[in-house]
Amino acid sequence: MARTPSTMLSLGTQAPSFSLPDTDGNEVSLRDLQGNPLLIIFLCNHCPFVKHIADELAALTTEYADKGIAVVGINSNDIERFPEDGLIEMKQEKKSRQYTFSYLLDDSQEVAKAYRAACTPDFFLFNKSHKLVYRGQFDESRPGNGIAVTGNDLRRAMDEVLEGRPVFADQQPSIGCNIKWKEGNAPDYF
């Protein structure tokens, strides 16, 4: 299991625009999410790091969506080489995990590149103006390290955004499987 860290996109970065299909075939765009803080999660179905946090991720994202944070999940993996991450499988995963957020497919991988996403899971939290305020880990738990999955790091950042306070500066990179880039499509930021 490869361990790839987040690239730690610069804080204050404006959320890059996107328009992607969800598991029901509807287009979801950044414009649809204006006016609320926004959490974007790069994830996939088969990654052991995502599976490790999936239950707590489902609970946490539902809780914070109810508090006013818009949430989307984006799968940017090469679905030809990794068919378990295909759109039909994404729909099944969303249902079985009880994800309440839109789960989008970035088949071109251009959205992942625009966000400098590197791994699954990779978290990007934006304020109401969609300026990046947090990019980092869900919490310190990893498969096999014996630390309980809590989502504490991400939870703290979302609480601070909702309370209108600056998000803490000591942000630790997420660690996960690398995004499965299509042949010849890997970005130059590695």
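**View 1. Strands β5 and β6 side by side.** In this predicted model, strand β5 (residues 70–75) pairs with β6 in the parallel sense, and four bridges join the two. For one spot to look at, find I74, which stands opposite L104 in β6. If pairing is new to you, here is the basic idea: strands of a sheet pair through backbone hydrogen bonds, either parallel or antiparallel.

**View 2. The five-stranded sheet around that pair.** Now take in the whole sheet that β5 and β6 belong to: an open sheet of five strands in the order β6-β5-β4-β8-β9, with mixed pairing. Which strands sit at the edges? They are β6 (102–105) and β9 (132–136), and each of them pairs on one side only. Try following the sheet across: from one strand to the next, the twist averages 20°.

**View 3. Helix α1 on the five-stranded sheet.** Helix α1 lies across three strands here, namely β4 (38–42), β5 and β8 (122–126). Set against β4, the helix runs at about 160°. Keep an eye on α1, since the helix turns up again in the views below.

**View 4. The three-stranded sheet.** A second sheet to look at is an open one of three strands, ordered β1-β10-β7, and its pairing is antiparallel. β1 (4–5) and β7 (119–120) stand at the edges with a single partner strand each, so one side of each has no neighbour in the sheet. Helix α1, residues 48–66, lies across β7 and β10 as well, and runs at about 135° to β10.

**View 5. Zooming in on β10 and its partners.** Strand β10 covers residues 175–178 and is joined to β1 by two bridges, with the two strands running antiparallel. Here T4 stands opposite G176 in β10. What about β7? β7 and β10 also pair in the antiparallel sense, over two bridges. In that pairing, look for C119, which stands opposite N178 in β10.

**View 6. Two helices packed together.** A handy rule for reading this view: two packed helices are described by the angle between their axes and the distance between the axes. How do α1 and α4 pack? The angle between α1 and helix α4 (residues 152–162) is about 5°, and their axes are 12 Å apart. That angle makes α1 roughly parallel to α4. On the α1 side, the contact is made by E56, L60, E63 and Y64, while α4 brings in L154, R155, M158, D159 and L162. Sorted by class, the contact of α1 with α4 has five nonpolar residues, four charged ones and no polar ones.

**View 7. A cis peptide bond at P121.** Look at the bond that joins T120 and P121: it is a cis peptide bond, with omega at about 0°. Where is P121? P121 is in the loop between β7 and β8.

**View 8. Two residues with positive phi.** M8 and R116 are the pair to find here. Phi of M8 is near 60°, a positive value in a residue other than glycine. M8 is placed in the loop between β1 and β2 (19–21), and counts as partly exposed because its relative accessibility is 22%. R116 has a positive phi as well, near 60°, and is not a glycine either. Look for R116 in the loop between α3 (110–115) and β7. With 32% relative accessibility, R116 counts as partly exposed.

**View 9. Stepping back to the whole chain.** How many helices and strands does the protein chain have? There are four helices and 10 strands. Starting at the N terminus, the elements go β-β-β-β-α-β-α-β-α-β-β-β-α-β. Along its principal axes, the C-alpha trace spans about 45 × 40 × 35 Å. A compact globule with 190 residues would have a radius of gyration near 16 Å, and the protein chain has 15 Å, so the two agree. Of the 190 residues, 53% count as buried. Finally, take the contacts between residues at least 6 apart in sequence: 77% of them join residues at least 24 apart.

Terms used: Residues numbered from 1 in each chain as written. Predicted model: local features only at pLDDT ≥ 70, side-chain atom pairs only at ≥ 80, totals over all residues. Heavy atoms only, no water. Pairing = 2+ DSSP bridges. Contact = heavy atoms within 4.5 Å. Axes fitted to C-alpha atoms, helices over the stretch in contact; angles between N-to-C directions. Parallel < 35°, antiparallel > 145°, perpendicular 65-115°, else oblique. Nonpolar A, V, L, I, M, F, W, Y, C, P; charged D, E, K, R; others polar. Rg over C-alpha atoms; globule rule 2.2 N^0.38 Å. Buried < 20%, exposed > 50% of the residue type's maximum accessible area, 1.4 Å probe, protein only.
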